[in-house]
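Work through the exercises below with the sequence and coordinates open. Each task is followed by a stepwise solution.

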Number of protein chains: 2
Amino acid sequence: MTTDPPTREDPVPSARVVGDLPTVDAATAAEKVPAEATLFVSGFGGVGYPKVVPEAIARGDDRTLTVVSGGGVGDEIDAALVESGDMARRYPFQTRPAVREAINTGEVMFHDRHIAGVADDLRFDGLHTGLRGERVAVVEAVAVGPDWLVPTTSVGNTPAFVRAADRLIVEVNATQPLDLARVHDVYTRGDPPGRDPIPLSTPTERIGSPAIRFDSDDLAAVVRIDRRDDPYEFRDPDDSDRAIAANLRRFLDAEIGRNPLFAEAVTLQFGVGSLGNALMGALTELEVGDRPLVYFGEVIQDGLLDLIDAGRLSGASATSLALSADGQDRLFADISQYANEIVLRPGDISNATGPIERFGVTAVNSAVEVDLHGNANATHIRGTRVVNGIGGSNDFVRNARLSIIALPSTAADGDVSRIVPATAHVDHTDHDVDIVVTEHGVADLRGLSLRERPDAVMSVADPAYRPSLRSYLDQVSERTGATPIAEDTGVDP
Amino acid sequence: MTTDPPTREDPVPSARVVGDLPTVDAATAAEKVPAEATLFVSGFGGVGYPKVVPEAIARGDDRTLTVVSGGGVGDEIDAALVESGDMARRYPFQTRPAVREAINTGEVMFHDRHIAGVADDLRFDGLHTGLRGERVAVVEAVAVGPDWLVPTTSVGNTPAFVRAADRLIVEVNATQPLDLARVHDVYTRGDPPGRDPIPLSTPTERIGSPAIRFDSDDLAAVVRIDRRDDPYEFRDPDDSDRAIAANLRRFLDAEIGRNPLFAEAVTLQFGVGSLGNALMGALTELEVGDRPLVYFGEVIQDGLLDLIDAGRLSGASATSLALSADGQDRLFADISQYANEIVLRPGDISNATGPIERFGVTAVNSAVEVDLHGNANATHIRGTRVVNGIGGSNDFVRNARLSIIALPSTAADGDVSRIVPATAHVDHTDHDVDIVVTEHGVADLRGLSLRERPDAVMSVADPAYRPSLRSYLDQVSERTGATPIAEDTGVDP
């Protein structure tokens with residue numbers, strides 16, 4: 001039996017463990033991780049992350065670890081390693097309450113990084129002294145061979161991790177279908193200055209292989225596991241989500257009908273989360289005429305399966321199948337069929353600035369709050385407490401041709417306005433935010449000066465907060481003769 | 001005699017006005033501009049802009065104009081049209097006191113836009129209702145033919161303007177050498193979603209032509225002029241500039257010696273201005289070993305001619321020869337020789353995200369102020385008064401592999417700290433700023449959490465301001481249990 005890696009033509013591995021590879025239990029594998037180490041873990045969008053080895057590390061000796069993931073991972077990492085006291089540093093994104101709390105109390109040092117840049121951060125010292133000790137990659141695979149592995153429900157930074165690691169531990173997960181190999185397209189970029197453009201001519205073109213290659217000498221352990229992802233659970237769309245979706249759809253319908261950007265295709269991206277999921281699902285009614293509707297984004301959520309099932313989507317490119325448990329069931333039941341529509345890429349390809357710009361993507365992302373000039377805070381509540389991190393949102397907001405921030409106008413059951421005089425933290429600047437959509441309407445900021453933007457943004461605020469926003473503007477205008485930019489903060493009705 | 005456009009092989013036009021084209025005086029040309037119009041003007045970095053036609057427009061009937069330039073232009077536009085009351089809106093950048101004052105009093109509506117995106121803004125409605133009335137392009141050329149022109153000292157957005165305009169007025173400037181055709185490389189991108197990657201395999205490769213083509217029916221007037229640019233004047237480097245340059249050079253020397261980013265080449269960009277000019281000039285002593293030192297930036301300033309003259313530079317790509325009058329004299333005296341080293345491209349190529357990222361550019365830009373987390377304000381003084389606009393700085397800061405903000409630690413003769421607790425406006429976010437350099441040292445922020453960054457940034461503040469910055473941090477930390485992000489502003493020693 002061949003031990004060669006699967007290929008694009010023949011993608012499905014013949015077995016879980018190919019070749020004469022010994023397997024060990026998780027505790028034995030965990031011993032390969034030294035007391036001070038950088039732990040690279042697979043996983044993105046809450047799926048495809050290693051489970052039993054991180055838990056075994058947490059149960060083992062005390063360690064001081066820098067943990068770097070693709071994107072969001074499970075509590076097996078972001079709770080277990082925090083509670084055991086082993087996690088000292090964390091990049092580039094996280095979503096679990098345990099790690100978030102540890103970051104916000106100062107127990108874990110965290111910096112959120114653009115997803116597209118993390119692979120290069122590893123090659124070119126972008127995290128500098130943050131990467132400490134020996135570098136060990138722990139990655140989940142549907143199958144492994146002597147010098148290759150096939151990822152599971154996400155690709156994320158796994159190719160970059162495997163390349164950067166001194167040693168590699170693979171968890172082969174029997175609950176993840178071998179047919180997932182059909183969706184993967186692993187392409188590795190060259191180095192600057194002779195780096196080629198990413199050779200994607202369409203959003204769903206395949207340019208790589210289903211397998212990630214590694215140096216066989218680096219393989220330190222293979223562990224068999226039989227446990228599913230513990231993915232995000234989306235809440236059902238509520239009235240606010242539906243109103244935002246309706247406003248977004250109305251805006252897009254008009255724009256598609258008149259903007260030459262949409263002459264040949266409608267290429268969209270949606271941010272991660274329940275609102276993004278609801279917005280994706282609402283696009284079944286989008287009026288695209290005979291144009292193809294294509295998704296070029298970071299994650300595929302349940303709402304996108306709805307679009308595929310409705311026959312509305314020509315294809316989808318992402319780095320993660322960030323589905324609910326139900327969504328995974330749905331996908332796994334018909335994976336060979338879905339693989340015709342879906343491509344998963346490494347995060348430095350799915351989110352790469354070049355293709356986003358070349359495909360003319362329309363990006364729809366959410367935010368914690370938006371200010372009167374259209375600056376968006378996507379990461380910090382009250383300026384001091386980080387939520388998840390910037391993730392790939394700015395990769396798309398900054399490089400999309402049309403960039404939309406969609407958010408409810410209030411939080412905390414209406415007690416807090418998400419439209420604020422000035423954001424306490426800025427992730428997306430006024431230079432990059434074209435459109436703001438709430439349940440109250442659409443603010444089209446394109447071409448407006450900073451003096452004109454406040455009126456437009458206020459028009460989509462909750463009506464209860466508009467008088468105080470107006471009063472704030474009037475006061476600043478009187479005091480400075482100018483429109484305000486972050487001279488003050490805090491608006492209460 | 002042929003009226004064909006010059007080619008890459010034979011770039012220098014045979015005459016100023018080629019073919020049977022009538023010329024008119026500026027007043028006659030100005031009559032082609034209707035009462036409400038969008039006026040696209042050539043010019044970038046304070047050079048290569050039209051002069052007599054804008055002045056004639058200012059002297060003529062009252063108009064309501066949206067004025068869009070490549071970058072910075074002369075007082076013939078940004079003072080004359082403001083003082084005449086004709087300028088109602090302005091994009092995407094400006095540098096002259098008259099227009100800045102009118103923007104800050106609310107007389108002129110202005111929004112600063114990323115340079116790389118302006119060409120697409122025109123194709124795909126990125127400025128929306130800001131572009132009003134008929135679209136007239138007024139551009140300076142060294143030569144014009146029936147359906148082509150060759151730009152002068154800058155390319156900027158001229159190809160995009162000529163394409164987007166309903167009619168075209170050309171000023172043929174006899175003071176600009178015909179040999180400038182040798183430096184131009186005009187390449188026009190296709191449209192999304194089938195847009196190709198920009199086919200540059202090296203920073204200085206030539207992929208276009210010296211001429212910009214237009215529809216001969218659009219040519220409304222040709223005006224001969226004989227007047228030089230009124231360019232920026234750089235101040236001489238002072239002690240602070242020299243100290244910043246020394247710190248930058250020391251950092252780069254160490255980085256070049258150890259970071260694989262520099263294994264094959266050192267590819268740099270510097271921001272516009274006296275500091276950028278001084279920093280460029282100081283690089284003659286950079287220790288690059290046998291690596292080529294290449295410039296892939298937006299403007300070529302006098303300091304870069306120093307590098308070329310010293311035989312230190314392998315080549316330079318930009319969109320503008322933003323030279324002083326002396327620098328222009330120096331360039332014009334030896335233009336054929338300099339044309340071997342220098343390429344001028346359209347702004348959507350010089351600043352394009354794809355090549356910046358592929359070449360692994362190290363970007364060095366300045367800012368008004370930097371906060372304790374590394375967020376940089378490049379555009380607004382005290383949050384309310386715009387300076388010049390973001391220009392191309394974020395094209396480079398965001399897409400460079402290594403991004404450096406270099407600035408003096410104080411302004412106003414030491415009365416104001418440029419290191420602040422929180423910036424009043426954010427142009428470059430903490431996700432994008434790797435290094436902060438002042439005359440007091442180098443803050444390396446790579447991999448540091450937001451809790452760790454303040455100590456690093458404070459270490460390069462003026463010592464007189466460090467106690468108040470520390471006191472601010474302590475207060476916020478006590479109140480919130482967290483490191484501050486824009487909870488408050490204002491630091492006075």
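**Exercise 1.** Which residues are buried in H10(B)?

Solution. The model is a predicted one.
- Step 1: Locate the element. Helix H10 of chain B covers residues 302-309.
- Step 2: Apply the cut-off for burial, which is under 20% relative accessible area.
- Step 3: List the residues that pass. They are Asp302(B), Gly303(B), Leu304(B), Leu305(B), Leu307(B) and Ile308(B).
- Step 4: Compare with the length of the helix. With 6 of its 8 residues buried, H10(B) is mostly covered.
- Step 5: Look past the end of the helix. Gly311(B) follows H10(B) and has a positive phi, near 70°.

**Exercise 2.** Against which elements do the buried residues of H5(B) pack?

Solution.
- Step 1: Identify the buried set. Val99(B), Ala102(B), Ile103(B) and Asn104(B) are the buried residues of H5(B).
- Step 2: Find their partners. In chain B, these buried residues pack against helix H3 (75-78), helix H4 (80-83), E3, E4 and strand E20 (385-386).
- Step 3: Check the residue just after the helix. Gly106(B) has a positive phi of about 90°.
- Step 4: Note a second role. Helix H5 (97-105) is also among the elements that give two or more residues to the side of chain B that touches chain A.

**Exercise 3.** Describe the interface of chain B and chain A in terms of area, contacts and composition.

Solution.
- Step 1: Take the area. About 6,400 Å² is buried between the two chains, and carbon and sulfur atoms give 47% of this.
- Step 2: Find the leading contributors. Pro193(B), Arg401(B) and His431(B) supply 12% of the area that chain B buries against chain A, more than any other three residues.
- Step 3: Count the residues. In chain B, 78 residues are in contact with 78 residues of chain A.
- Step 4: Count the polar terms. There are 41 residue pairs in polar contact between the chains, and the rule finds 16 salt bridges across the interface. One pairs Glu357(A) with Arg195(B), whose closest N and O atoms are 2.8 Å apart.
- Step 5: Sort the residues by type. The side of chain B that touches chain A has 23 nonpolar, 26 polar and 29 charged residues.

**Exercise 4.** Where do the backbones of the two chains depart from the usual phi and omega?

Solution.
- Step 1: Recall the usual case. Most peptide bonds are trans, and most residues other than glycine have a negative phi.
- Step 2: Take omega in chain A. The bond from Tyr91(A) to Pro92(A) is cis, with omega near -15°; Pro92(A) lies in the loop between strand E3 (87-91) and helix H5 (97-105) of chain A.
- Step 3: Repeat for chain B. Tyr91(B) and Pro92(B) are joined by a cis peptide bond with omega about -20°, and Pro92(B) is in the loop between E3 and H5 of chain B.
- Step 4: Take phi. Asp125(B), in the loop between H6 and strand E5 (134-145) of chain B, has a positive phi near 65°. Ala412(B), in the loop between strand E22 (410-411) and strand E23 (416-417) of chain B, has a positive phi of about 50°.

**Exercise 5.** Is Asp125(B) buried or exposed?

Solution.
- Step 1: The relative accessibility of Asp125(B) is 17%.
- Step 2: The limit for burial is under 20%, so Asp125(B) counts as buried.
- Step 3: For contrast, Ala412(B) has a relative accessible area of 48% and is therefore partly exposed.

Key: Residues are numbered from 1 along each chain as its sequence is written. Chains are lettered from A and ligands numbered from 1 in the order in which they are written. This is a predicted model: local features need pLDDT of at least 70, side-chain atom pairs count only at pLDDT 80 or more; totals for chains, interfaces and linings use all residues. Side-chain values use heavy atoms; hydrogens and water are left out. Contact means heavy atoms within 4.5 Å. Buried area is the accessible area (1.4 Å probe) that two parts lose on being put together, summed over both. A salt bridge is a side-chain nitrogen of Lys or Arg within 4 Å of a carboxyl oxygen of Asp or Glu. A polar contact is a pair of N or O atoms within 3.5 Å; within protein, one must be able to donate a hydrogen and the other to accept it, and residues adjacent in sequence count only if both atoms are side-chain atoms. Helices (H or I, at least four residues) and strands (E, at least two) are DSSP runs, numbered from the N terminus. Ala, Val, Leu, Ile, Met, Phe, Trp, Tyr, Cys and Pro count as nonpolar, Asp, Glu, Lys and Arg as charged, and the others, Gly among them, as polar. Buried means under 20% relative accessible area, exposed over 50%, partly exposed in between (1.4 Å probe, protein chains only).
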